Amino acid sequence: QVQLVESGGGLVQAGGSLRLSCAASGRTFSNYAMGWFRQAPGKEREFVARISWNGGVTDYADSVKGRFTISRDNAKNTVYLQMNSLKPEDTAVYYCARRAAIGAAYDYWGQGTQVTVSS
């Protein structure tokens with residue numbers, strides 16, 4: 001059983017920064033791509049960023065490109081999301097997830113961490 005636990009959310013003013021962490025249980029973390037998603041109130045969950053198993057490939061939603069950076073430390077079983085130049089529209093619950101295989105769905109999800117950006 002895989003468990004993903006997000007942390008690092010909070011309240012920040014517009015223009016500020018936060019770094020989210022997602023700690024994974026299990027010894028096979030480094031075998032899998034990971035992703036970050038977010039869901040704002042009244043909206044569907046949306047893709048934010050993803051990273052390949054070794055960190056060599058990353059991809060971002062257009063809305064966060066140039067402001068957010070995804071990274072991972074396989075020795076620590078942790079994936080990060082550095083968020084800079086935050087905007088009120090970034091307010092959401094942020095979730096990390098594990099991708100089962102290339103092109104496959106995300107099969108394990110964390111419980112989420114709230115990010116609130118005030119104007």
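# A walk through an all-strand model

Of the 119 residues of the protein, 43% count as buried, and the reader should keep in mind from the outset that the model shown here is a predicted one. The protein has zero helices and eleven strands, so its radius of gyration may be considered next: at 13 Å it is close to the 14 Å that the globule rule gives for 119 residues, and the protein is therefore as compact as a globular protein of that length. Taken along the principal axes, the box that the C-alpha atoms fill is roughly 40 × 25 × 25 Å.

The surface and the contacts can be described for the protein as a whole before turning to single residues. About 6400 Å² of the protein is exposed, and carbon and sulfur atoms supply 48% of that area. There are 13 positive and 9 negative charges, and the mean positions of these two sets are 5 Å apart. Among the contacts between residues at least 6 apart in sequence, 53% join residues that are at least 24 apart.

A good place to begin the closer view is the loop between strand 8 and strand 9, where Asp90 is found. Is Asp90 buried or exposed? With a relative accessible area of 1%, Asp90 is buried, since the cut-off for that word is under 20%. The side chain of Asp90 makes a polar contact of 2.8 Å with the side chain of Arg67, and Arg67 also appears among the residues that Asp90 touches beyond its neighbours within four places in sequence, together with Arg38, Phe68, Ser85, Val115 and Val117. Asp90 can also be placed relative to Phe37, which lies 53 residues away along the chain, with 11 Å between the two C-alpha atoms.

Thr91 belongs to the loop between strand 8 and strand 9 as well. Which backbone atoms lie 2.9 Å from a polar atom of the side chain of Thr91? One is the backbone oxygen of Pro88, at 2.9 Å, and another is the backbone nitrogen of Val117, likewise at 2.9 Å. When neighbours within four places in sequence are left aside, the residues in contact with Thr91 are Ala40, Gln114, Val115, Thr116 and Val117.

Val117, which has now been met in the contacts of both Asp90 and Thr91, sits in strand 11, made up of residues 113-118. Its relative accessibility is 6%, and Val117 therefore counts as buried. Leaving aside neighbours within four places in sequence, Val117 is in contact with Val12, Gln13 and Ala14, and also with Leu86, Lys87, Pro88, Asp90 and Thr91. The C-alpha atoms of Val117 and Gly15 are separated by 8.7 Å, although these residues are 102 apart along the chain.

Ser85, already named as a contact of Asp90, is another residue of the loop between strand 8 and strand 9, the latter covering residues 92-99. Ser85 has a positive phi of about 50° although it is not a glycine. At 42% relative accessibility, Ser85 counts as partly exposed, because that class takes in the values between 20% and 50%.

A positive phi is also found at Asn77, a residue other than glycine, where the value is near 55°. Asn77 has its place in the loop between strand 7, residues 68-73, and strand 8, residues 78-83. At 17% relative accessibility, Asn77 counts as buried. Not counting residues up to four places away in sequence, Asn77 touches Cys22, Ala23, Ala24, Ser25 and Gly26, and in addition Phe29.

The last stop is Asp107, which lies in strand 10, formed by residues 106-109. With a relative accessibility of 34%, Asp107 counts as partly exposed. Which residues does Asp107 contact, leaving aside its neighbours within four places in sequence? They are Arg98, Arg99 and Ala100, and with Arg98 there is also a polar contact of 2.8 Å that joins the two side chains. Asp107 and Val2 are 105 residues apart in sequence, while their C-alpha atoms are 9.6 Å apart in space.

Definitions and conventions:
Residues are numbered from 1 along each chain as its sequence is written. This is a predicted model: local features need pLDDT of at least 70, side-chain atom pairs count only at pLDDT 80 or more; totals for chains, interfaces and linings use all residues. Side-chain values use heavy atoms; hydrogens and water are left out. Helices (H or I, at least four residues) and strands (E, at least two) are DSSP runs, numbered from the N terminus. The radius of gyration is taken over C-alpha atoms; the globule rule is 2.2 Å times the number of residues to the power 0.38. Buried means under 20% relative accessible area, exposed over 50%, partly exposed in between (1.4 Å probe, protein chains only). Contact means heavy atoms within 4.5 Å. Accessible areas come from the Shrake-Rupley method with a 1.4 Å probe; for residues, only the protein chains shown count as cover. Lys and Arg count as positive and Asp and Glu as negative; His and the chain ends are not counted. The place of a charge is taken as NZ of Lys, CZ of Arg, CG of Asp or CD of Glu. A polar contact is a pair of N or O atoms within 3.5 Å; within protein, one must be able to donate a hydrogen and the other to accept it, and residues adjacent in sequence count only if both atoms are side-chain atoms.
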